[in-house]
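Grab the structure and work through these exercises on helix packing and ring pairs. Try each one yourself before reading its solution.

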Amino acid sequence: MASTLYERLGNAEGITAIVDNAVDRHAVNPLLAPRFSGRDLPRAKRMGALFFCMGAGGPQTYDGRDLRTAHAGMNISEQELVAAIDDFVAAMQVQGVGAPEINEVVAILYSLKGEVLRV
């Protein structure tokens with residue numbers, strides 16, 4: 001059995017598919033779409049996948065902005081955070097990720113709320 005969350009999510013290929021799907025969902029989610037309109041979505045996907053891979057225990061190095069800096073001045077609400085997490089859950093379900101891994105990812109994402117909410 002795969003030991004790290006990175007491996008259990010399908011390594012870089014699986015995580016990239018999850019992030020791509022989630023960002024596509026963000027772009028059409030009524031609560032989130034205004035924030036993604038006119039943005040460089042391929043870059044958001046690329047940086048998101050690197051961040052997610054590194055955070056899940058992969059060998060990738062994320063050299064982008066930290067979460068607090070990336071979300072500074074955006075005044076993100078808790079409802080928007082929940083919507084974003086819901087999009088990630090749906091993306092993981094599409095990829096066939098199991099409930100234990102989904103729960104682990106949700107816990108990690110929610111633990112980061114202080115870095116993104118209303119900063």
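**Exercise 1. Work out how α2 and α4 are oriented, and which residues bring them together.**

Solution. Start with the geometry: the two helices, α2 and α4, pack with axes 9 Å apart at an angle of about 135°. Angles over 145 degrees would count as roughly antiparallel, so α2 and α4 are oblique to each other. Next, the handedness: α2 and α4 make a right-handed crossing. Now the residues. From α2 come Ala12, Ile15, Thr16, Ile18, Val19, Asp20, Val23, Asp24 and Ala27, meeting Leu41, Lys45, Gly48, Ala49, Phe52 and Cys53 of α4. Sort them by class and you get 10 nonpolar, two polar and three charged residues.

Keep in mind that this is a predicted model. Its mean pLDDT is 94, with 97% of residues at 70 or more. Confidence peaks in helix α2 (residues 11-28), at a mean of 98, and is lowest in helix α5 (residues 67-70), at 91.

**Exercise 2. Do the same for α2 and α6: what is the crossing angle, and which residues touch?**

Solution. The axes of α2 and α6 come within 8 Å and cross at roughly 135°. That angle makes α2 oblique to α6. The crossing of α2 past α6 is right-handed. On the α2 side, the contact uses Ile18, Val19, Asn21, Ala22, Arg25 and His26; on the α6 side, Ala84, Asp87, Phe88, Ala90, Ala91, Met92 and Val94. The tally for this contact is nine nonpolar, two polar and two charged residues.

**Exercise 3. Classify the orientation of α6 and α7 from their crossing angle.**

Solution. Helix α6 (residues 78-94) and helix α7 (residues 99-111) have axes that come within 10 Å and cross at roughly 155°. The cut-off for roughly antiparallel is over 145 degrees, so α6 is roughly antiparallel to α7. The contact pairs Glu78, Leu81, Ile85, Phe88, Val89, Met92 and Gln93 of α6 with Ile102, Val105, Val106, Leu109 and Tyr110 of α7. By class, that gives 10 nonpolar residues, one polar and one charged. As for handedness, α6 passes α7 in a right-handed crossing.

**Exercise 4. How is the aromatic pair of Phe51 and Tyr62 arranged, and where do its members sit?**

Solution. Searching the whole structure turns up two aromatic pairs. One of them is Phe51 with Tyr62, at 5.1 Å centre to centre and 80° between the planes. Planes over 60 degrees apart count as edge-to-face, so this pair is edge-to-face. Finally, place the partners: Phe51 belongs to helix α4 (residues 41-55), while Tyr62 lies in the loop between α4 and α5. The two are 11 residues apart, so the pair links distant parts of the chain.

Terms used. Residues numbered from 1 in each chain as written. Predicted model: local features only at pLDDT ≥ 70, side-chain atom pairs only at ≥ 80, totals over all residues. Heavy atoms only, no water. Axes fitted to C-alpha atoms, helices over the stretch in contact; angles between N-to-C directions. Helix = DSSP H or I, 4+ residues; strand = E, 2+ residues; numbered from the N terminus. Parallel < 35°, antiparallel > 145°, perpendicular 65-115°, else oblique. Left-handed = near helix turned anticlockwise from the far one by under 90°. Contact = heavy atoms within 4.5 Å. Nonpolar A, V, L, I, M, F, W, Y, C, P; charged D, E, K, R; others polar. pLDDT = per-residue confidence, 0-100. Phe/Tyr/Trp six-rings, centres within 6.5 Å; stacked < 30°, edge-to-face > 60°.
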